[in-house]
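Here is a colleague's note on some helix packing and on two individual residues, set out as numbered points to be read beside the structure.

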Amino acid sequence: MGRPGLSRRQLLAGMGGLTVAGSFGFAALGTGADALASGADTRVRYWNLFSGGDGANMIAMLDAFRAQYPDIAVKDSTLQWGNPFYTKMAMAAAGDRAPELGVMHVGRVAGFSPGRLLDPWDIGLLAEYGVREQDFNPALWSRGVIDGKLYALPLDIHVQLCFYRKDVLRKADLLGDDGRMIPVGSTDEWFDVLKRAKAVQKKGLQTIGLWTNDQNFQWWFFVAFYTQLGGEWFDDTRTEVLFDTDKATRVLEFLRQHVTDGYVIPGAPTGEQFVNGAPFTWEGNWSVPVFSGAELDYGATPLPPVFGKQATHAESHAFVLPHQAGRGGAPNEAAHRLAAYVVQHAQQWAAGGHIPAYTPTLTTDAYQKLTPQNEYVSAMDHQATEPKVWFAGSTGVLAQDLGPVVVSSTMGSAKPDAVARRMKDRLTRLLASKNPMDGTTAAEGGAAA
């Protein structure tokens with residue numbers, strides 16, 4: 001791969017403060033056969049982090065693949081979500097014990113030492129199985145490209161959404177002729193919408209669930225609205241911080257106003273309040289099965305473009321090839337075939353609220369009939385993502401470092417302008433810090449598409 005190998009001992013020493021100890025004992029629950037007892041010629045070990053409804057949908061797609069390709073035995077294992085998952089996968093790749101196929105959040109790929117802990121996809125082989133670059137959103141595809149090679153094959157994007165109760169908004173005359181929430185194009189318009197909704201909502205409920213004391217959600221919301229303002233993070237060489245504290249302050253003040261104007265009850269259970277009649281909640285699209293299961297009269301739209309530009313926070317689940325010293329042959333081809341199959345048959349995956357990455361799926365009659373998925377599918381074209389650096393991505397260092405300071409502003413324990421300056425200072429330190437996976441800074445790690 002052009003880079004020296006990384007031993008398990010070196011990896012553990014370099015990971016420092018990351019969550020290592022918790023990775024040794026968590027369960028791996030699989031549905032496939034451990035051996036080729038079924039008579040299959042090839043085995044594919046597949047690690048993922050999907051539980052709950054996502055897990056059920058993934059198993060359904062895997063079972064369909066098994067039925068179509070009985071000569072390939074898929075051994076799927078569901079591991080603990082978050083840093084424990086990434087730690088275990090890193091150790092497996094470093095110790096030459098990696099599975100043939102894995103799943104990662106695209107935002108974590110740049111920090112996973114591509115070329116050392118991940119192997120690149122064979123674009124030609126994917127094309128043989130029907131998966132081509134032109135079938136994906138260009139911005140999404142490019143997020144998985146490091147140093148000119150594809151390391152992450154997108155399965156979906158999952159986005160932060162503005163869920164709204166149609167029954168409440170109808171009373172406030174906030175629905176258009178199409179039965180959807182009226183468009184909002186400024187902060188004044190947004191707070192007017194909240195004011196009108198509050199006037200007709202049930203007493204004792206908050207107007208909007210905002211996850212005010214959750215560092216991940218607050219960080220995701222910040223990323224969305226900072227992107228709406230055209231805010232930048234770093235220069236192209238990843239050597240200079242371009243973070244705009246004035247724009248950041250505007251976003252922080254906007255988030256804080258929801259609390260000071262009385263539209264949020266800090267600490268209130270957002271989903272439960274919405275089910276019980278709260279007009280709005282901002283949640284990830286994974287809440288769609290929950291709200292649909294509750295048989296609510298509701299809709300979901302990307303986060304409102306209150307700063308004029310459409311942008312809602314997005315991450316992506318993607319298939320990856322954990323590094324194997326002897327990768328190749330039938331198991332590698334089977335891993336490519338399995339990933340290509342799931343990507344192309346993601347209608348089942350859309351039932352969990354995710355937007356399939358394979359764009360031909362989005363034009364099918366079956367997908368366009370899904371509600372509320374058909375209302376927010378446009379989010380594919382205006383994704384607000386974290387910068388492409390080693391410390392970004394879901395549950396990554398960036399969110400863990402900056403999320404709590406965003407919370408401090410939203411909750412009122414720190415002033416927005418002071419928090420914005422603190423964020424820039426932390427970004428400066430992170431930019432100069434070294435990736436524990438390979439000892440390189442963002443500028444040295446080769447994160448350019």
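1. The expected span of a helix is taken here as 1.5 Å times one less than its number of residues. Helix 12 has 16 residues and should therefore span 22 Å, and since its end C-alpha atoms are 23 Å apart, the two values agree. Please bear in mind throughout that this is a predicted model.

2. Helix 2, which runs over residues 52–68 and has 17 residues, can be checked in the same manner: its first and last C-alpha atoms lie 25 Å apart, close to the 24 Å expected at 1.5 Å a residue. The buried residues of helix 2 are Asp54, Gly55, Asn57, Met58, Met61, Leu62, Phe65 and Arg66, and a charged side chain can thus be found at both ends of that list, given that Asp and Arg count as charged. Among the elements that cover these buried residues are strand 2 (42–48), strand 3 (72–78), helix 12 (329–344) and helix 13 (347–350).

3. How are helix 2 and helix 12 oriented to each other? Their axes are 10 Å apart and the helices pack at an angle of about 120 degrees, so the pair is oblique, and the crossing is right-handed. From helix 2 the contact draws on Met58, Met61, Leu62, Ala64, Phe65 and Gln68, which meet Arg337, Leu338, Tyr341 and Val342 of helix 12. By class, eight residues of this contact are nonpolar, one is polar and one is charged.

4. On the helix 12 side, the buried residues are Asn332, Ala334, Ala335, His336, Leu338, Ala339, Ala340, Tyr341, Val342 and Val343. Leu338, Tyr341 and Val342 are buried and also take part in the contact with helix 2. For the spacing of such positions, it helps to recall that an α-helix has 3.6 residues a turn, so residues three or four places apart point the same way.

5. Helix 7 (residues 187–200) and helix 9 (residues 245–260) cross at roughly 20 degrees, with axes that come within 12 Å; an angle under 35 degrees counts as roughly parallel, and this pair is therefore described in that way. The crossing is right-handed, and the contact is made by Thr187, Trp190, Phe191 and Leu194 of helix 7 together with Phe254, Gln257 and His258 of helix 9. Four of the contact residues are nonpolar and three are polar, with no charged residues.

6. Helix 9 also packs against helix 17 (residues 397–411), at an angle of about 50 degrees and with the axes 7 Å apart, and these two helices are therefore oblique to each other. Here Leu252, Leu255, Arg256 and Val259 of helix 9 meet Val406, Ser409, Thr410 and Met411 of helix 17, a contact with five nonpolar, two polar and one charged residues.

7. Is Pro302, in strand 12 (residues 298–302), buried or exposed? Its relative accessible area is 7%, so Pro302 is buried. Leaving aside residues up to four places away in sequence, Pro302 touches Gln160, Leu161, Cys162, Thr312, Glu375, Tyr376, Ser378, Ala379 and His382. The C-alpha atoms of Pro302 and Ala314, 12 residues apart along the chain, are separated by 10 Å.

8. Ser433 lies in the segment after helix 18 (416–432) and, at 23% relative accessibility, counts as partly exposed. With residues up to four places away again left out, Ser433 touches Trp390, Thr440, Thr441 and Ala442.

Terms used:
Residues are numbered from 1 along each chain as its sequence is written. This is a predicted model: local features need pLDDT of at least 70, side-chain atom pairs count only at pLDDT 80 or more; totals for chains, interfaces and linings use all residues. Side-chain values use heavy atoms; hydrogens and water are left out. Helices (H or I, at least four residues) and strands (E, at least two) are DSSP runs, numbered from the N terminus. Buried means under 20% relative accessible area, exposed over 50%, partly exposed in between (1.4 Å probe, protein chains only). Contact means heavy atoms within 4.5 Å. Axes are lines fitted to C-alpha atoms, for helices over the stretch in contact, and angles run from 0 to 180 degrees between N-to-C directions. Angles under 35 degrees count as roughly parallel, over 145 as roughly antiparallel, 65 to 115 as roughly perpendicular and the rest as oblique. A crossing is left-handed if the near helix is turned anticlockwise from the far one by less than a right angle, and right-handed if clockwise.
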